[in-house]
Amino acid sequence: MLVGRDRRARRALPLCWLALLFVMFLAAVISASANPIIIGSKKFTESYVLGEIAKRTLNDAVIPAEHRQGMGGTIILWQALQGGQIDAYPEYTGTIAQEILKTNRQLSLNEIGDALARFGVGMTKPLGFNNTYALVMRRSEAQRLGLRTISDLRKHPELKIGLTHEFLDRQDGWRPLRERYGLPQRNVIGIDHALGYAALANGSIDVKDAYSTDAKIAENDLVTLEDDLGFFPKYEAVFLFRLSMRPDAIAALRRLEGTLDEKRMIRLNLEAERTKNYTRAANLYFEDGAKSTDTMGESFPQKLARWTLRHLQLAGFSLLLSVLFGIPLGILASRGGPIGQSILGFASVVQTIPSLALLALLVPLPFFGISVRTAITALFLYGLLPIVRNTASGLQDIPRSLRESAIALGLSPIIRLWQIYLPMASRSILSGIKTSAVINIGTATLAALIGAGGLGEPILSGLNLNDHVTILEGAIPAALLALLVQWLFDLLDRVLIPKGLRI
Amino acid sequence: MSALVKLADVSKRYAGAQALHSTNLSIERGKTTLLIGPSGCGKSTLLRLMIGLIAPDSGTIAFNDLTITPTNIDSLRRRIGYVIQEGGLFPHLTARANVLLMARYLGKSQEEMQSRLMELCELTRFSDTLLSRYPVELSGGQRQRVSLMRALMLSPELLLLDEPLGALDPLVRASLQKDLKEIFARLQQTVLFVTHDLGEAIYFGDEIVLMNEGRIVQKGSASDLREKPAEPFVSEFINAQRGVVLT
Ligand SMILES: Nc1ncnc2c1ncn2[C@@H]1O[C@H](COP(=O)(O)OP(=O)(O)O)[C@@H](O)[C@H]1O
Ligand SMILES: [Mg+2]
């Protein structure tokens with residue numbers, strides 16, 4: 001008996017395996033035929049992060065989901081949603097009202113929901129943060145002046161305001177805001193968004209516009225001024241989804257409602273921008289345990305490297321321009337006459353303008369403004385005189401007998417200049433370039449004033465915070481850099497000045 | 001024998017004074033013409049006009065019957081060698097580079113330049129071991145030999161020498177005078193040689209041109225000047241330098 005049963009069992013075993021394989025095959029076929037939910041996102045960091053969060057939420061609920069990152073702008077995503085290419089994407093209530101429903105009226109959430117339902121689209125409740133325009137300030141400054149709301153700005157007409165050009169131009173931007181709040185500030189300039197943060201950091205402006213969840217707010221230790229009159233429209237983040245989407249998927253998305261406040265979103269954005277890894281940023285949302293904020297800052301060597309690199313870029317690029325323009329101008333100037341006189345005159349006049357004033361004079365000009373190119377232009381102009389003057393005097397100091405010998409040989413003017421005159425003037429020209437370089441290294445610290453960065457950055461923020469250590473963090477490297485440059489040029493002398501002139 | 005250089009009614013005025021009054025002069029081929037006269041009489045001016053460093057106010061200068069113009073001057077310069085008192089060597093170039101400068105510019109071959117250079121070293125008695133030195137590393141006499149090599153590099157038809165030995169001490173000067181005379185004879189070189197020293201003029205001169213205050217006073221052999229002075233200045237000039245001539 002036992003034996004017989006045993007034999008049957010042995011025969012049954014392969015059958016069991018077959019059945020198991022069949023079930024697995026079926027399961028695979030079924031799960032493959034169950035189309036994954038497609039999440040779309042717009043082309044900016046926050047949208048990427050929200051898309052990733054939605055995907056993981058669905059996956060956690062064992063719902064297959066894919067994320068199509070950065071598909072485009074509102075219209076593209078809205079059409080993809082309606083066309084069924086995507087099932088859900090993150091959107092903002094203000095955008096839905098203005099760009100999808102095309103109304104300037106502030107709509108209630110219910111009104112929006114009803115309007116969307118007619119397109120077969122559903123909307124979650126707000127996720128918990130409002131990504132609208134906001135005015136931001138340095139935390140220290142806001143505390144010092146006791147500023148908390150936009151209305152508080154009325155008491156401080158002296159504050160300098162730097163706004164993105166978009167915000168300056170927008171219908172719902174600066175002009176109506178100023179009227180609404182009766183803001184008295186006259187010192188308002190247009191600044192690039194990223195540079196504006198630098199300008200804010202170094203105190204060249206006091207107030208700027210931002211998105212309320214911008215990662216830079218935390219990064220730069222800024223505070224948002226409360227929109228106490230409710231001027232800015234609400235841009236509350238929600239998910240839009242096709243009403244025909246799997247109910248369990250809709251339920252999963254709805255679990256995100258009210259779970260993401262501004263602070264948390266800022267932190268996720270910061271992580272995403274820092275690492276460029278959106279999945280990792282999204283995972284932070286699920287980890288819950290907040291990371292300590294001090295990892296946000298760079299280490300001192302990193303900062304020092306960044307400042308120094310920028311400093312060298314500023315000084316180096318402007319020096320290059322000074323050389324490229326200074327030597328030809330010096331050659332022209334060496335010929336004397338009204339042109340030569342005016343070139344030397346111009347270069348001398350530029351040199352007499354205090355560097356701070358030169359920056360201040362350039363900033364209001366259309367092409368310049370608060371930018372790196374303004375800093376480079378100012379440094380370039382400063383570096384011009386030593387090079388022009390030394391080139392001119394080096395050439396003029398060539399004895400007439402030698403000039404005439406070169407001519408009498410029958411060398412063409414260009415060869416004379418290139419092979420005879422310039423090499424003979426090389427010592428003088430190089431010493432002009434050296435002077436220029438050392439001046440530029442020093443003056444480049446002022447570039448931080450207009451948000452151009454460099455070693456002036458710690459000096460300036462140190463001055464603002466009355467913090468001597470921070471000042472020295474910029475001042476010492478700048479001084480060392482100047483010495484290093486001087487030493488390098490002394491080496492360069494040996495390479496570039498012909499041997500016959502050094503004996 | 002036709003003249004290599006012909007000046008016709010050439011004059012030059014500087015802001016201050018008439019450096020050269022209207023002047024006619026022919027430089028004969030194969031001869032050494034000595035230009036002599038007191039300092040400031042216009043000798044250098046005459047040379048500088050010939051090599052186009054300055055343009056005449058009036059008149060024409062013809063080289064090989066070709067009138068010098070701004071367009072042809074550079075090609076003519078390559079057929080004229082020019083040596084000045086201080087040598088005019090470029091301090092940032094070695095002796096070799098100074099000598100070869102123009103040949104390199106004209107794209108001459110390396111072998112051609114090298115053999116010409118050796119020829120010139122031999123001709124001017126310049127040790128080829130010194131070729132890699134810079135002008136500051138050479139003595140005054142050596143510098144003038146290099147300068148002469150540079151002027152002769154392209155085998156010029158005319159050699160203009162503006163007081164080439166003026167800054168040298170007497171011993172060096174004497175040996176260079178001897179060498180130069182040999183060189184001119186060997187090359188059958190047409191030379192216009194400026195000096196303010198009558199002794200030097202007599203030593204070199206097939207033909208002596210005496211100038212005074214921007215004018216050519218007399219042209220002829222040393223004995224012509226001595227025996228048939230064109231005006232009292234000629235005798236005066238010769239007498240003033242007599243002591244030098246006799247020693
Ligand atoms: N570039 C110049 N500008 C003004 N005057 C000059 C210039 N060159 C020469 N002269 C004047 O022209 C005259 C002739 O000079 P130059 O030909 O050099 O005399 P030298 O016979 O000594 O070589 C002198 O009076 C001199 O002062
Ligand atoms: Mg002279």
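This report walks through the contact between two chains and one sheet in a predicted model.

## Ground rules

The model is predicted, so local features need pLDDT of at least 70 and side-chain atom pairs count only at pLDDT 80 or more, while totals for chains, interfaces and linings use all residues. Residues are numbered from 1 along each chain as its sequence is written, chains are lettered from A and ligands numbered from 1 in the order in which they are written, and side-chain values use heavy atoms, with hydrogens and water left out.

## Where the chains meet

Chain A and chain B each bring 22 residues to their contact (heavy atoms within 4.5 Å). About 2,000 Å² is buried between them, with 68% coming from carbon and sulfur atoms; buried area is the accessible area (1.4 Å probe) lost on being put together, summed over both parts.

You will find 1 salt bridge across this interface (a Lys or Arg side-chain nitrogen within 4 Å of an Asp or Glu carboxyl oxygen). R48(B) pairs with E404(A), their closest N and O atoms being 2.3 Å apart.

## A sheet in chain B

In chain B, 6 strands (DSSP runs of E, at least two residues, numbered from the N terminus) make an open sheet with mixed pairing, in the order 6-7-8-3-9-10. Pairing takes at least two DSSP bridges between two strands. Strand 6 (80-84) and strand 10 (215-220) of chain B are at the edges with a single partner strand each, so one side of each has no neighbour in the sheet.

Strand 6 of chain B runs parallel to strand 7 (residues 158-162) of chain B, joined by 5 bridges. Here I80(B) sits opposite L158(B).

Notes: Buried area = accessible area lost by both parts, 1.4 Å probe. Helix = DSSP H or I, 4+ residues; strand = E, 2+ residues; numbered from the N terminus.
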